Amino acid sequence: MAAEQRKIIEQLMGSNLSNFTSRGQVHFTDRKVCRSFLCGICPHDIFTNTKMDLGPCPKIHSDKLKSDYERASYSHSYGYEWDYLEDLERHVDECNRRIDIAEARKEKTTEEIERTDELMREIAHTDHSIEVLIEEMKALSQKGRVNQTMKHYIELRRLRTHRQELHQEVISMNEVPSQAGTTHQKLQVCDVCSAYLSRLDNDRRLADHFSGKMHLGYAMLRNLAKDLRDQLELQTSDKNEEEGGLEAENQEYGEQHSMLT
Ligand SMILES: [Zn+2]
Ligand SMILES: [Zn+2]
């Protein structure tokens, strides 16, 4: 059912995207344009064909708009990096939540773990579908398409109920004492990507994990978020100092500043 849902959304988004671009009316400032893609890498492009596949990005990715934006941002600051940071951090936070859950249940049986993974995946997909539906609904209601907006709303309600049921199952699984014996105490949780690793895994298996697309994707996501946060915080403190009329006397500070501008 989730797959079917996703197919419908892909079709919807696909047709929408071509409409938009074929009219040639979209400017990079349009809210339908993906700001993460404009500023760097969209998280939706990082995990394709992995267990954490986020599905297609509901917003427009266009190389042309990206270069328009890059050109325009030389002379004007649009502040889109903050949207980008918010997007990156949202995915890092989600991963951290999964790490917490995984830590809490690492002594469960393989079957229990598989079911949890399955539930978490389905919750993530449902969340994504809900996000897409809301975006769609906003667009439809702006165009005054009442009937379609209603249909979307009914679907949205169904998805929210479904999500609640999944969430409930996760909670009740946590409440039930695990069937696992001591054999599963050998599990540990990867603190980068939230996957389970076995202490019994040989070096080869571990190396495979650390060079896998999902692990590397989360490592990249975390680095992107950290670097961007540092950069934006530096810019902000720089700006505050300028506004306060203070001169940056520190040579090192001045050098960092010139690197960023
Ligand atoms: Zn995107
Ligand atoms: Zn990992």
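This report describes a zinc site, a group of aromatic rings, one helix and two unusual backbone angles in a predicted model.

Residues are numbered from 1 along each chain as its sequence is written, and chains are lettered from A and ligands numbered from 1 in the order in which they are written. Because the model is predicted, local features need pLDDT of at least 70 and side-chain atom pairs count only at pLDDT 80 or more, while totals for chains, interfaces and linings use all residues; side-chain values use heavy atoms, with hydrogens and water left out.

**The zinc site**

The zinc ion (ligand 1) has four protein donors, C34 (SG), C42 (SG), C57 (SG) and H61 (NE2), at 2.1 to 2.3 Å. Donors here are N, O and S atoms within 2.8 Å of the metal (3.2 Å for Na, K and Ca); water is not among the atoms, so sites may look incomplete. The angles among the four donor atoms run from 104 to 118°, and the site is tetrahedral (for four donors, all angles between 85 and 135 degrees). Along the sequence, the donor residues follow the spacing C-x7-C-x14-C-x3-H. C42 and H61 link distant parts of the chain, 19 residues apart: C42 lies in the loop between α2 (35-39) and α3 (43-46), and H61 in the loop between α3 and α4 (63-75). Helices (H or I, at least four residues) and strands (E, at least two) are DSSP runs, numbered from the N terminus. C42 is buried at 1% relative accessible area, whereas H61 is partly exposed at 26%. Buried means under 20% relative accessible area, exposed over 50%, and partly exposed in between, with a 1.4 Å probe and protein chains only.

**Aromatic rings**

Rings of Phe, Tyr and Trp (its six-membered ring) pair if their centres lie within 6.5 Å; planes under 30 degrees apart count as stacked, over 60 as edge-to-face and the rest as tilted. The count by this rule is six aromatic pairs. Two of these pairs share Y78, as the table shows.

| Pair | Centre to centre | Angle between planes | Type |
|---|---|---|---|
| F28 and Y78 | 5.2 Å | 85° | edge-to-face |
| Y78 and Y80 | 5.6 Å | 45° | tilted |

F28, in the loop between α1 (2-23) and α2, and Y78, in the loop between α4 and α5 (80-104), are 50 residues apart. F28 is buried at 2% relative accessibility, and Y80 is buried at 5%. Y78 is partly exposed at 27%. Ring pairs join F28, Y69, Y78 and Y80 into a cluster.

The charged end of R35 sits over the ring of Y80, 3.9 Å from its centre. Likewise, the charged end of K66 sits over the ring of F37, at 4.7 Å. For this, NZ of Lys or CZ of Arg must be within 6 Å of the ring centre and within 35 degrees of the ring normal.

**Helix α6**

Helix α6 covers residues 110-142 and includes A139, which is buried at 14% relative accessible area. The C-alpha atoms of A139 and T149 are 8.9 Å apart, with the two positions 10 residues apart in sequence numbering. After α6 comes G144, with a positive phi near 75°.

**Positive phi outside glycine**

Most residues other than glycine have a negative phi. N49, in the loop between α3 and α4, has a positive phi of about 60° and is exposed at 72% relative accessibility. S194, in the loop between β1 (187-189) and β2 (196-198), has a phi near 80° and is buried at 11%.

Note on methods
Tetrahedral: all angles 85-135°; square planar, octahedral: opposite > 155°, others 65-115°.
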